[in-house]
Each structure stands twice: as structure tokens, then as C-alpha cells.
Amino acid sequence: MQEGAPQPILTTKDAIAIVVGLVIGAGIFRLPSLVAGNSSSEMVFYLLWVAGGVISLIGALCYAELATAYPNAGGDYYFLQRAFGRSLSFLFAWARIAVITTGSIAVLGFTFGDYASNLLRLGPNSSALYAALAVIALTAINLAGIRETKGTQNVLTVLEVGGLVAVVVTGVILLAPAPVAPVAAGEAKSWMAGAPLAILFVLFTYGGWNEGAYISAELKERRSMVTALAVSLALVTVLYLAVNYAYVRALGLEGVAKSQTVAADVLKLQFGEAGAKIISFIVAIAALTSINATIIVGGRSNYALGRDWPVFAWLGHWDAQTDAPRNALLLQGAVALLLIVAGAFTDKIETMVNFTMPVFWFFFMLVGIGLFVLRVKDPGTPRPFRVPLYPVTPLIFVATCAYLLYSSVAYVQTGALVGLGVLAVGVVLLAFNLRAGRRTA
């Protein structure tokens, strides 16, 4: 195979499709119920979704500065390496390859399988079979090259957005509004009641935009990352507000809070049982879009790990002919498939991924701190884009990550030991890598 390196062939439109695909997943079809249940009024409910978009944009502006100053296939991994050294960044990359990214692909695969099985069941292990087929097919497309990959992502994103628009049209135009439930005397709640918990679910639904940094080395223009992140989050925020307005208009805030399948309930009001089939198709497409986008960025972080560390050197191959990190994609697909096989016999895969969330938020917070470190450490590095209102903007981002780190630890409690176990294995591998590096020096 001919050795190559990431080439700048992605347009701003391609980057937007990837980021939108990373953000919009199954969350918008199930988490609004939890947000509504913790909202004291409709106005607070909508303001929480606006706040989620604003907070995400603040973080995206921080990432935009880092990605335009240090365009690299390693994304977060490379930012951490520049700011804090190779050892810390190695542990982050290991956590991604071990469970964070591969586990996300597996969980998204099961989400796709669950909803695809509503359309056509493939037997007793239908969800697992669909999940495996999705990972194999999309990994194969990624192996074929970035041109095929971005084309697939663009099509899936259009279908995904179209599905959300269909929900909006149904809830806002086709259905009569739900009657407004009167508030009994003494039942009025403080507008802040439940909001700290609700914002966690909102931010989870907005999550994934930071993964766009992994394609920064493949953008035709450095500043495209700024546009891609800003436009993507603006589009997602508008879509989320429109979808949630449609939910509330059709079901009422209390109805949304009580619903386990809020989007399906809205479509059932108009289309009956056929509505369940429609929403199954829409969610399946959303899951496929997120799987493909996650495969794209995950393969690039694995490639960066292999490029920098001797024990994983075989991951650091970039095929010049297809313009893809083939070995990194193959390993990622294999690990995801192993997790899917394990998930076919246990329901603990999603739980395990959730247990590693404190690790994710810890490193996410360090990236924000890294912006301050690199401003001091590399003052001469050209920065095509500088985060506005520095240092207030990155301080808000770091504080938000710290709060989410605390909340995630409180949520998983002793389950956080799983994340520590992953890092402990990473420390052992780091020692092997450092020893191998000394032998080859």
C-alpha cells in the first residue's frame, strides 16, 4: 500500500454534514421527555434548548481557535499533546479506542438495530445483526476513501434533517394544538426547579460537535472549521427548537414529560400505527448518520495515535490511494463488532459506555484549559481565528465541563471505576510504549 497523509479535500459543506451527523442522534427523539419533566413551564423548556445551543457554540468557538491554529487528524488528542505532553494525550487516545468511540459506535448500532427491527425483523438477535451490518457496511465505505465517505454522509444528513422536518410539519401544521392544562393554585414551581438536571440532558443531546476537530487537517481552508461549527450548531439549535415546539404543541408540556416515545406519539396522532413505522425509519437514519460520522472521526484519532507511538505504529498508516487511515478504521470496526457481539448477550454495553463519561468530560475540560496553556506556550503560532471575548468565553466552557464532570461522576457513582480501569490499562500500555521508544532511540 502506498503511504500517504491526510489531504485537504473536504469542503465546508462536507464538514457541516459531518458535524450535524455527529450531533443529531437518537437523543432528540427520547431526551426531550426528561427535559420537559424537569421544566417548570413551556418558556423554561424552550430557554433550556436555547441555552444548550449557546453553551455548545461557546465550546465550539474554543475548538475553532485550536483547530485552525493546529489543524491535525488527531483533534483533541493533538491539542492535549501540544498543551500537556505526550503521556496525557496517549491516555486520552487509548480511552477513545478502547471504549469511548468504539462503544459509542456499538451503542448507536444497537439504536439503529432496534428501530430497523420495527420495520423488518431479522430473528431473535435482530438488533445485533443490524448493528453489525451497519458497522461493516459503513466501515467498508470509509475504507473505500474519503470521497465515498463524505458522499454517504451528505446523503444521510439530508435524510436525517428531512425526517426532523417531517416531525415538525406534523406537530405544527397537520395537528391541532393540545389543550393547555391549567395550573392549579399552589402548584406553580420556581422557574429554576429541575433546570440544573434538565440542562444535562439538553447538553447530551447537543453533544458530538467537538469531534469535528478530527477532520481539521482535511479541510480545504483552515477557517472552514469556524464556519462549519457555527453553522452546524445554529442549524441544530433551530431544528431542536422547532422539533420541541412541535412536541409541545401536539402533546402539551405534561404530555411530552409523560411520553416514553415522544416523536412516535406525535406521528401516531396523525398517521396512526403507520406513524410508528415512520418514526422508526427516521430514527434509524439518524443512527446511521451518527455511526458514519463517528467512524470518520474515530479512525483519524486512532491514526494519530499510531503515527506518534511505536507499539501502535501499524495504526499510523494512511493509504494514499484511497486517502483513508485503513488500519485504524479496521481496528475500530473490529473492536466495535466485538462490543456488539458482547451486547447481543448482555445489556451492559450502554452502561459501560456511560461509566466512561467522567473520563470523557475530564479530558474535554483539559482541552479547554489547554487553550489558555497554548496561548502562553505558543504565542508565535499563527491563529487564523481567535475566540472572541477571551478569556471569558473559554472560562465559561471550562466551568461547564467541570460541572458536567461532577454531574457525570454523581450519576454513575461507583461505575466511574470502569473509566479508571480503562485508564489503568492505558498506563500499562504507556509504559510499554515509552520503553519501546527508548529502545529505538
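Immediately after helix α16, Q413 adopts a positive phi of about 50° in this predicted model. Q413 belongs to the loop between α16 and α17 (416-440), and the positive value of phi occurs here in a residue other than glycine. With a relative accessible area of 56%, Q413 is exposed, since the cut-off for that class is over 50%. The helix that precedes Q413, α16, comprises 21 residues and extends 30 Å from its first C-alpha to its last, close to the 30 Å expected at 1.5 Å a residue. The buried residues of α16 are T393, P394, F397, V398, T400, C401, L404, L405, S407, S408 and V412. An α-helix has 3.6 residues a turn, so residues three or four places apart point the same way. Within the buried set of α16, this spacing can be followed through T393, F397, T400, L404, S407 and, in addition, S408.

On the other side of α16, the loop between α15 (357-377) and α16 (392-412) contains P391, which is joined to Y390 by a cis peptide bond with omega of about 5°. The loop between α15 and α16 also holds L389, a residue other than glycine whose phi is positive and lies near 60°. L389 counts as exposed, its relative accessibility being 68%.

The packing of helix α10 was examined against two other helices. Two packed helices are described by the angle between their axes and the distance between the axes. For helix α1 (residues 12-23) and helix α10 (residues 224-258), the angle is about 45° and the axes are 9 Å apart, which makes α1 oblique to α10. The crossing of these two helices, α1 and α10, is right-handed. On the α1 side the contact is formed by T12, A15, I16, V19, V20 and V23, and on the α10 side by S224, T227, A228, L229, V231, S232, L235, V236 and Y240. By residue class, the contact of α1 with α10 consists of eleven nonpolar and four polar residues, with no charged residue taking part.

Helix α10 also packs on helix α11 (residues 262-271), at an angle of about 130° and with the axes 10 Å apart; at this angle α10 is oblique to α11. The crossing of α10 with α11 is right-handed. It involves Y247, A250, L251 and V256 of α10, together with V262, A263, D265, V266 and L269 of α11. The residues of the contact of α10 with α11 comprise eight nonpolar, no polar and one charged.

Helix α10 further contains N244, which is buried, with a relative accessible area of 0%. When residues up to four places away in sequence are not counted, N244 touches I28, P32, F45, Y46 and W49. The C-alpha atoms of N244 and V168 are 8.3 Å apart in space, although the two residues are 76 residues apart in sequence.

A second buried asparagine, N142, is located in helix α7 (residues 126-144) and has a relative accessibility of 3%, by which it counts as buried. Apart from residues up to four places away in sequence, N142 is in contact with T149, N292, I295, I296, A324 and L329. Shortly beyond N142 along the chain, the loop between α7 and α8 (146-174) contains G145, which is likewise buried, with a relative accessible area of 1%. G145 touches T322 and A324, its neighbours within four places in sequence being left aside, and A324 is also among the residues touched by N142. The C-alpha atoms of G145 and A217 are separated by 15 Å, the two residues lying 72 residues apart along the chain.

Of the residues touched by N142, N292, I295 and I296 fall within the limits of helix α12 (residues 274-308). Helix α12 has 35 residues and reaches 52 Å from its first C-alpha to its last, close to the 51 Å expected at 1.5 Å a residue. Because 28 of the 35 residues of α12 are buried, this helix is largely enclosed by the rest of the structure.

Key
Residues numbered from 1 in each chain as written. Predicted model: local features only at pLDDT ≥ 70, side-chain atom pairs only at ≥ 80, totals over all residues. Heavy atoms only, no water. Axes fitted to C-alpha atoms, helices over the stretch in contact; angles between N-to-C directions. Helix = DSSP H or I, 4+ residues; strand = E, 2+ residues; numbered from the N terminus. Parallel < 35°, antiparallel > 145°, perpendicular 65-115°, else oblique. Left-handed = near helix turned anticlockwise from the far one by under 90°. Contact = heavy atoms within 4.5 Å. Nonpolar A, V, L, I, M, F, W, Y, C, P; charged D, E, K, R; others polar. Expected span 1.5 Å × (residues − 1). Buried < 20%, exposed > 50% of the residue type's maximum accessible area, 1.4 Å probe, protein only.
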